[in-house]
Amino acid sequence: MPKADLHSHIDGSVPFRELSRIARENHREMKTRGGNVLGNANAFFGFVRGEGYHTLLSEIVDRFYPILGLMQTEETIREVGRTYVKGLKEDGIVYAEGRFAPHYHTAEGMTQADVIESMLEGLKAGCEETGVQANLIVAFGREAGIGLAEEAVSQALRYEGRGVVGIDIGGKEEGNPPEKFQSAFKLTFESKLRRTAHAGEGAGSVDQSLRNIRNSIILLRADRIGHAVNLANDRALISLVLERGVALEMNPVSNLTLHHIHSLRELGLDRLISSGVAVSVNSDDPAIWPNGSLSENFVAVCSVYNFGLEEVDTLISNSFSAAFASNEEKETLREEYRRARSRLKS
Ligand SMILES: [Zn+2]
């Protein structure tokens with residue numbers, strides 16, 4: 001089915017074999033921060049999601065270092081962007097909002113602007129080759145601090161209308177509540193850029209998760225929330241989400257893999273759908289999690305919740321509606337889905 005992925009990290013979406021091709025073509029190696037070369041898939045996955053991987057969120061920069069370390073030049077960033085879009089096509093994704101944090105790619109002298117521009121070029125090349133539509137969300141990692149966050153958002157504003165559609169806050173959630181980053185988000189309040197925030201993923205406690213979701217909506221004026229793992233159990237917060245028209249980007253396989261939940265049922269997707277919350281299913285880091293593609297996320301959710309086509313229609317329709325795309329673009333996506341859906345009926 002033609003579908004949209006609103007929450008995928010570009011650096012976690014390119015398969016290892018493609019990353020190693022890009023490294024080879026650019027005479028680089030994929031290494032840990034300590035300098036160990038990760039020359040094959042076993043070594044790579046043994047490091048990225050090896051022992052203790054479920055704490056990945058709090059050490060994301062170290063675990064992703066082999067990928068971030070590769071993406072330090074215009075050429076490698078462009079090629080990662082192009083390859084990301086080709087991967088979307090393979091999974092039947094017709095529209096995506098890929099995200100990445102430019103400040104992780106400045107270690108060899110690129111500016112955040114250079115980094116964003118290279119990624120936009122790569123995405124554009126991928127879109128031209130595949131016919132997939134991909135926009136960019138400029139993210140920043142909480143552990144980078146407010147200075148780099150404000151810089152990332154300022155650069156994102158410069159590329160509004162030129163492929164950048166929104167901003168995002170991610171990284172280590174525990175100890176880094178959204179209120180710390182209000183000034184960065186505030187920079188976009190008078191702009192056309194849209195806002196999403198990782199919240200309620202790994203906040204340390206259920207109470208803090210719920211507080212982070214609430215404060216991301218109220219203080220950061222988030223249009224969408226990524227994860228919101230405990231939301232289904234809080235009626236007052238669901239009311240706020242509905243009242244503000246906030247959409248949810250849920251990432252079931254990622255949450256399960258990182259032990260933020262023990263069963264997909266804990267996400268309460270059925271209750272959220274019946275409450276009218278605009279919930280969508282997304283991949284997060286499809287090249288990192290086992291069985292992590294968007295299609296596999298749908299298969300996992302449908303089998304656990306016993307969802308059929310009706311719920312799939314709702315989830316996909318929600319992702320089209322919540323996209324940071326123009327109304328015309330959304331209508332094109334809906335039409336493409338309707339066509340595929342009618343073929344399926346017959
Ligand atoms: Zn994420």
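Student: Hi! Which residue in E3 is the bridge partner of arginine 99?

Tutor: Happy to help, and do keep in mind that this model is predicted. Strand E2 covers residues 93-100 and strand E3 covers residues 133-141, and they pair in the parallel sense over 6 bridges. Within E3, the residue that partners arginine 99 is isoleucine 137.

Student: Which strands are the edge strands of the sheet?

Tutor: The sheet is open and has 8 strands, in the order E1-E2-E3-E4-E5-E6-E7-E8, with parallel pairing. An edge strand here pairs on one side only, and that applies to E1 (3-9) and E8 (278-281).

Student: At about what angle does helix H14 run to E8?

Tutor: Let's place the helix before giving the angle. Helix H14 takes in residues 309-322 and lies across E1, E6 (224-227), E7 (247-250) and E8. Its direction relative to E8 is about 105°.

Student: And helix H5, at about what angle does it run to E2?

Tutor: H5 is made of residues 74-90 and lies across E1, E2 and E3. Relative to E2, helix H5 runs at about 145°.

Student: Why is the protein chain said to be as compact as a globular protein of its length?

Tutor: The chain contains 15 helices and 8 strands. For 346 residues the globule rule gives 20 Å, and the chain comes close to that, so it is as compact as a globular protein of that length: its radius of gyration is 19 Å.

Student: What percentage of the contacts with a separation of 6 or more join residues 24 or more positions apart?

Tutor: For background, buried residues make up 50% of the chain. As for those contacts, the share from residues 24 or more positions apart is 78%.

Key: Residues numbered from 1 in each chain as written. Predicted model: local features only at pLDDT ≥ 70, side-chain atom pairs only at ≥ 80, totals over all residues. Helix = DSSP H or I, 4+ residues; strand = E, 2+ residues; numbered from the N terminus. Rg over C-alpha atoms; globule rule 2.2 N^0.38 Å. Buried ≥ 20, exposed ≤ 12 C-beta atoms within 10 Å, placed from the backbone. Contact = placed C-beta atoms within 7 Å. Pairing = 2+ DSSP bridges. Axes fitted to C-alpha atoms, helices over the stretch in contact; angles between N-to-C directions.
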